[in-house]
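I wanted to look up the open spaces in this structure and note what lines them. These are my entries, in the order I made them.

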Amino acid sequence: MSELTMGQYSLVFNMLSFTIATMLAAFVFFMMGQSRLAPKYRISMIVSSLVVGIAGYHYFRIAESWGHAFTLTAGKYMASGVPFNDAYRYVDWMLTVPLLLVELILVLNLSREKSGPMLTKLTIAAFLMIVTGYPGEISSDTTTRAVWGFISTLPFAYIVYILWVELGKVMETQPERVRVLFRNMRLLILATWGFYPIVYMAPFFGLTGANVTVGVQIGYTIADVLAKAGYGVLIYAVARAKSENDGWSLEAAH
Ligand SMILES: *C/C=C(C)/C=C/C=C(C)/C=C/C1=C(C)CCCC1(C)C
C-alpha cells in the first residue's frame, strides 16, 4: 500500500465523507423519530442513535487518518509514512456490534428473564468475533489473515446459532405478526453482517496491493451504512408497527 492513483484515493475519501453525512443524518432521524413511538420502544431508538453517533465519530477519525496517510506527489498519492489506522474501525465495531444486538432484543420487548441471558451470550460472542478478527486484518501475511479469519468466524457462527435456534424458540410464544418481523430482522442481520467476512477475504479473491486496501475500505463502508443506518430505519419501522399494534396512536399522544 505505498502508492494510490488519484481515483483510488478520492474514491475512498468520498465514500468516508458520504458515510459521515449518512451517520449524522441517521442520528437526527432516530432522535426525532422517538416521539412517534410508544414510550416502551423509544429506548431502541436511543440505542440506534448511539450506534450511528459512535460510527459518525469514528468515520470522522478514519477520514482524517486516511488524509494523513498519503501525500500527493507528481499526480500520485504516495504513502506519507504515517500509517493508516485500521484500529478506529475495530474499536467502533467493539462498541456498535453489541449495541446493534441490544437494539434487536429491545425492540422485541421480551421479558427480562428471557432477554438478559440472550444478550450476555450475544455480547460475549460479538466481542470475541471482533477481537480475533483484528490481528488478521492488520497482517500483511495471507496465512495469518486466514487463520484469524477462521477463528473469528466461530463466534460469528455462534451468534447466528443463537438468533436462529435459541431466540427462535423464545419467539415461538410471540404473536404471529411479531414473529414475522423478527424473522425479517434476523435475515437482515445475516445479509449485512455476512458481508464483512466476504470483504475481509478480498486478498483471497485475487485483489493485490493498493486494490486490497481500497476494496476493503469501500466494502466495510457500504456494509456499515446498511448495518447501522439502514438497520436502524428498519428497527424504527418495527417499533412504529408495534406501537400501533399495541393501540398507541400518534394523534392521541399529541
Ligand atoms: C457496524 C458494524 C458491524 C455490524 C460489524 C460487523 C462485523 C462482522 C460481522 C465481522 C466479522 C468478521 C468475521 C466473521 C471473520 C473475519 C473478520 C471479521 C471481523 C471481518
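**Pockets**

I started with the largest pocket and read off a volume of about 490 Å³. The model is a predicted one, so I keep that in mind for the entries below.

I then asked which residues lie closest to the centre of the largest pocket. Of its 20 lining residues, these are E137, S139, R145, V212 and T213. I also listed the elements that give two or more residues to this lining, and found α4 (112-137), α5 (142-171) and α8 (210-245). The largest share, four residues, comes from α8.

For the chemistry of the same lining, I noted nine nonpolar residues, seven polar and four charged.

Next I turned to the second largest pocket, which holds about 400 Å³ of space. I counted 24 residues in its lining, and those nearest the centre are M129, S152, Y196, P197 and Y200.

Which elements supply at least two residues each to the lining of the second largest pocket? I wrote down α3 (87-108), α4, α5, α7 (195-200) and α8. Here α5 gives the most, with seven residues.

I divided this second lining by residue class as well, and got 17 nonpolar, four polar and three charged.

Last entry, on shared elements: α4, α5 and α8 are on my list for the largest pocket, and α4, α5 and α8 are also among those I listed for the second largest pocket. The main contributor is α8 in the largest pocket and α5 in the second largest.

Key: Residues are numbered from 1 along each chain as its sequence is written. This is a predicted model: local features need pLDDT of at least 70, side-chain atom pairs count only at pLDDT 80 or more; totals for chains, interfaces and linings use all residues. Side-chain values use heavy atoms; hydrogens and water are left out. On a 1 Å grid over the protein atoms alone, a cavity is a set of points where a 1.4 Å probe fits but cannot get out, and a pocket is an open set with protein on both sides within 12 Å along at least five of seven lines; lining residues have an atom within 4 Å of a point. Grid points are joined across faces, edges and corners, and a volume is the space filled by probe spheres set on the points. Ala, Val, Leu, Ile, Met, Phe, Trp, Tyr, Cys and Pro count as nonpolar, Asp, Glu, Lys and Arg as charged, and the others, Gly among them, as polar.
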